[in-house]
Amino acid sequence: MKISNEAKVGILGVLVITMMIIGFNFLKGKKVFSSSTTIYAKYQNIQGLSNSNPVYINGMMVGNVSDISNDKSMKEILVAISIYKDINIPANSVARINPNPLTITKIEINLGDSSVFLKNGDTIKTVKSDDFLEGIVNSKVDPLLVSINHAIQS
């Protein structure tokens, strides 16, 4: 059976388009052929977080941010987190955005001690994190101010 040139070009075109879609999703940080668990986090301020930013647990990258959406009033921003590793995340765990002006913003999940685990589609608790410079100022300058006040009073 002879295949016409038009059919060969059509098959090649379909293969090229399929590979482009898979490659584009791979470059966006989405795992194409693996299953993932999606959990959600609600924040007031996402501090520069964007799609495909990494998610860490105990210093190990376990997923990324897959989607960011907001309500009309912009009071709450919903972040969808895709977890690729097969990890049981306790229900009382906390997700914190860790902004860093030198590298990319990331989400760190601090694991809790609950025996109930989050399932696909559940919402994780969040904590407001300090800005990068605010954390440095609080950790370095505040003790210095306490010692200066103590010296002045004595």
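This passage describes a helix, a buried asparagine, a strand tyrosine and a charged pair in a predicted model.

Helix α1 covers residues 5–27. It comprises 23 residues, for which a span of 33 Å is expected at 1.5 Å a residue. The end C-alpha atoms of α1 are 33 Å apart, so expected and computed spans agree. The number of buried residues in α1 is zero. The helix therefore lies largely in the open.

N53 sits in a loop. That loop runs between strand β1 (37–43) and strand β2 (54–57). The relative accessible area of N53 is 7%. The cut-off for a buried residue is under 20%, so N53 counts as buried. Two polar contacts of the N53 side chain can be described. One joins it to the side chain of S50, at 2.9 Å. In the other, a polar atom of the N53 side chain lies 2.6 Å from the backbone oxygen of T105. T105 also appears among the residues that N53 touches beyond four places in sequence. The others in that set are G48, G63, N64 and V65.

Y40 belongs to strand β1. Its relative accessible area is 28%. Partly exposed residues fall between 20% and 50%, so Y40 is placed in that class. Beyond its neighbours within four places in sequence, Y40 contacts L78, V79 and A80. It also contacts G121, D122, T123 and I124. K125 is 85 residues from Y40 in sequence. In space, the C-alpha atoms of Y40 and K125 are 8.9 Å apart.

Side chains of opposite charge can pair when their charged atoms come close. A search of the whole structure returned one salt bridge. It links the side chains of K106 and E108, with an N to O distance of 3.6 Å. E108 has a relative accessibility of 25% and is partly exposed. K106 is likewise partly exposed, with a relative accessible area of 25%.

K106 also takes part in an arrangement with an aromatic ring. It lies over the face of Y56, at 4.8 Å from the ring centre. K106 thus has two described partners, E108 through the salt bridge and Y56 through its ring face. Pairing between aromatic rings was searched for across the whole structure as well. The number of aromatic pairs found was zero.

Key:
Residues numbered from 1 in each chain as written. Predicted model: local features only at pLDDT ≥ 70, side-chain atom pairs only at ≥ 80, totals over all residues. Heavy atoms only, no water. Helix = DSSP H or I, 4+ residues; strand = E, 2+ residues; numbered from the N terminus. Buried < 20%, exposed > 50% of the residue type's maximum accessible area, 1.4 Å probe, protein only. Polar contact = N/O pair within 3.5 Å; in protein donor to acceptor, adjacent residues only side chain to side chain. Contact = heavy atoms within 4.5 Å. Expected span 1.5 Å × (residues − 1). Salt bridge = Lys/Arg side-chain N within 4 Å of Asp/Glu carboxyl O. Phe/Tyr/Trp six-rings, centres within 6.5 Å; stacked < 30°, edge-to-face > 60°. Lys NZ or Arg CZ within 6 Å of the ring centre and 35° of its normal.
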